[in-house]
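Got your viewer open? Load the model, switch to a cartoon view and keep the selection box handy.

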Amino acid sequence: MSSCKILRKIYGPIQEGDIWRIRNNEELNRSINGEDIVKFIKTQRIRWLGHVKRIEEGVIPRNMMERRLFIGSRRGRHSLRWMDDVVADLKVMKIKQPMEKMKDGEKLRLIVEEAKAHPGM
């Protein structure tokens with residue numbers, strides 16, 4: 001999936017009167033303030049992980065992140081999971097004990113700001 005396609009899914013269509021239309025690339029670039037699209041998406045993933053870590057137990061997004069949803073193993077190579085990508089990004093940033101820091105909102109904001117400026121992201 002291309003990064004613009006992902007952003008279109010995140011921001012959704014625009015309503016102009018009675019007509020709905022898809023956002024064009026220029027509008028998407030304005031909405032992310034000219035940031036690098038890949039870096040923007042990676043920082044949003046880190047922000048979402050922090051949000052899910054802070055919500056209470058038993059809520060569906062947290063259950064899906066922390067528990068096995070199926071029994072047994074599938075055939076073939078295991079596909080990368082969303083969490084694997086986020087953990088790899090945090091390792092690139094060399095953050096120690098990231099899951100503990102995700103539970104504190106202020107530390108999470110610092111991690112997200114560091115991710116926006118990090119050259120390896």
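Here is a tour that starts with the whole chain and then stops at a helix pair and some single residues.

Before you click, know that this is a predicted model, where local features need pLDDT of at least 70, side-chain atom pairs count only at pLDDT 80 or more, and totals for chains, interfaces and linings use all residues. Residues are numbered from 1 along each chain as its sequence is written, and side-chain values use heavy atoms, with hydrogens and water left out.

**Stop 1: the whole chain**

Select everything and colour by secondary structure. You should find seven helices and two strands, in the order α-β-β-α-α-α-α-α-α along the sequence. Helices here are DSSP runs of H or I with at least four residues, strands are E runs of at least two, and numbering goes from the N terminus.

Now rotate the C-alpha trace: along its principal axes it spans about 45 × 35 × 30 Å. The radius of gyration of the protein chain is 17 Å, while a compact globule of 121 residues would come in near 14 Å. That radius is taken over C-alpha atoms, and the globule rule is 2.2 Å times the number of residues to the power 0.38.

Colour by accessibility next, and 30% of the 121 residues count as buried. Buried means under 20% relative accessible area, exposed means over 50%, and partly exposed is in between (1.4 Å probe, protein chains only).

**Stop 2: α3 against α7**

Select residues 37-54 for α3 and 105-117 for α7; the two helices pack at about 170°, with axes 9 Å apart. That makes α3 roughly antiparallel to α7, a label for angles over 145 degrees (under 35 is roughly parallel, 65 to 115 roughly perpendicular, the rest oblique). The axes are lines fitted to C-alpha atoms, for helices over the stretch in contact, and angles run from 0 to 180 degrees between N-to-C directions.

Which residues of α3 meet α7? Show side chains for Lys39, Thr43, Ile46, Arg47, Gly50, His51 and Arg54. Across from them, α7 brings Gly105, Leu108, Ile111, Val112, Ala115, Lys116 and Ala117. Contact means heavy atoms within 4.5 Å. By class, this contact has six nonpolar, four polar and four charged residues.

**Stop 3: Lys103**

Go to the loop between α6 (98-102) and α7 and pick Lys103. Lys103 is partly exposed, at 45% relative accessible area. Draw a C-alpha to C-alpha distance to Lys53: the two are 5.9 Å apart in space and 50 residues apart in sequence. Apart from neighbours within four places in sequence, Lys103 is in contact with Lys53 and Arg54.

**Stop 4: Asp89**

Is Asp89 buried or exposed? Select it in α5 (residues 82-92); with a relative accessibility of 7%, Asp89 counts as buried. Show what Asp89 touches, skipping residues up to four places away in sequence, and you get Lys42, Arg45 and Met121.

**Stop 5: the loop between α5 and α6**

Finish with two backbone angles. Most residues other than glycine have a negative phi. Lys94, in the loop between α5 and α6, has a positive phi near 60°, and Lys94 is exposed at 72%. Gln97 is also in the loop between α5 and α6. Its phi is positive too, at about 50°, and Gln97 is exposed, with a relative accessible area of 59%.

Terms used. Nonpolar A, V, L, I, M, F, W, Y, C, P; charged D, E, K, R; others polar.
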